[in-house]
Amino acid sequence: MQQQEWKFGTHQIRHEQQDVLVAVFSGLLNLEDMKRAVEIYSSVAKAGPYFMIADIGNSQLQAEARRYLSDNSKPEWFKGCVYVGADMVQQTFGKVISLGMFLTGKTEFKTEFVKTMDEARAWVEQQRRSNVRKSG
């Protein structure tokens, strides 16, 4: 698969592997930015669910963008989500989104918070190995 990349404002999203999407958000994420991000998430999900790695340590999410993400993301798009560099407020929001995904019918929606991109990639690999053991 050829790597795809989208840039909008100060943000970047890369589809790195069949089942890994990496988003690097920098600065303020407004409603228009979030609409674009959710559009990309949805488009990528047409090929199947994926792991989301979201580097949010240098970003801030406006309230209306947060609501849009919560209201328009679908749990079936994701195998799990790992947030890189999240502060306490961002971690709380990430947990709320995960709970919402769980309550909308997905039996399991894993979310993790790490400090570095290397830790995020290691978490994805661990989830893959865990899923192989469960299905094998």
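**Close-up 1. The side chain of Ser-73 reaches the backbone oxygen of Leu-69 at 2.9 Å.** We're looking at a predicted model here, so keep that in mind for every view that follows. Where does Ser-73 sit? You'll find Ser-73 in the loop between α2 and β5. Buried or exposed? Ser-73 has a relative accessible area of 12%, and because the cut-off for buried is under 20%, Ser-73 counts as buried.

**Close-up 2. Here's the whole chain, for orientation.** Count up the secondary structure and you get four helices and six strands. Start at the N terminus and the elements read β-β-β-α-β-α-β-α-β-α. The chain has 136 residues, and 43% of them count as buried. Now take the contacts between residues at least 6 apart in sequence: 71% of these join residues at least 24 apart.

**Close-up 3. Helix α1 has a side-chain contact at its start.** There, a side-chain oxygen of Asn-30 comes to within 3.1 Å of the backbone nitrogen of Glu-32. How far apart are the end C-alpha atoms of α1? They are 21 Å apart, which agrees with the span you'd expect, because 15 residues at 1.5 Å a residue should cover 21 Å. Plenty of α1 is tucked away: the buried residues include Leu-31, Met-34, Val-38, Tyr-41 and Ala-45. A handy rule for reading such a list is that an α-helix has 3.6 residues a turn, so residues three or four places apart point the same way. And what covers the buried residues of α1? Among the elements doing so are β1, β2, β3, β4, α2 and β5.

**Close-up 4. Strands β3 and β4 run parallel, paired over nine bridges.** Look for Ala-23, which stands opposite Ala-54 in β4. To get from β3 to β4, the chain passes through α1, and this β-α-β crossover is right-handed. While you're looking at strands, remember that in a regular strand the side chains alternate between the two faces of the sheet.

**Close-up 5. Strands β4 and β5 also pair in the parallel sense, over six bridges.** In this view, Asp-55 stands opposite Val-84 in β5. What handedness does the unit made by β4, α2 and β5 have? This β-α-β unit is right-handed.

**Close-up 6. Aromatic rings pair up in this chain, and the count comes to five pairs.** One of them is Tyr-41 with Phe-78, an edge-to-face pair with 6.1 Å from centre to centre and 75 degrees between the planes. This pair links distant parts of the chain: Tyr-41 is in helix α1 and Phe-78 in strand β5, 37 residues apart. Tyr-41 and Phe-78 are both buried. Zoom out a little and you'll see a cluster, in which ring pairs link Tyr-41, Tyr-50, Trp-77 and Phe-78.

**Close-up 7. Tyr-83 and Phe-113 make a stacked pair.** Why does this pair count as stacked? The ring planes of Tyr-83 and Phe-113 are at 15 degrees, and planes under 30 degrees apart count as stacked, so the label fits; the centres are 5.3 Å apart. Tyr-83 belongs to strand β5 and Phe-113 to strand β6, so the pair ties together parts that are 30 residues apart in sequence. Both Tyr-83 and Phe-113 are buried.

Methods: Residues are numbered from 1 along each chain as its sequence is written. This is a predicted model: local features need pLDDT of at least 70, side-chain atom pairs count only at pLDDT 80 or more; totals for chains, interfaces and linings use all residues. Side-chain values use heavy atoms; hydrogens and water are left out. Rings of Phe, Tyr and Trp (its six-membered ring) pair if their centres lie within 6.5 Å; planes under 30 degrees apart count as stacked, over 60 as edge-to-face and the rest as tilted. Helices (H or I, at least four residues) and strands (E, at least two) are DSSP runs, numbered from the N terminus. Buried means under 20% relative accessible area, exposed over 50%, partly exposed in between (1.4 Å probe, protein chains only). The expected span of a helix is 1.5 Å times one less than its number of residues. Contact means heavy atoms within 4.5 Å. A polar contact is a pair of N or O atoms within 3.5 Å; within protein, one must be able to donate a hydrogen and the other to accept it, and residues adjacent in sequence count only if both atoms are side-chain atoms. Two strands pair if DSSP finds at least two bridges between them. A crossover is right-handed if, with the strands pointing away from the viewer, the path from the first strand over the helix to the second runs clockwise.
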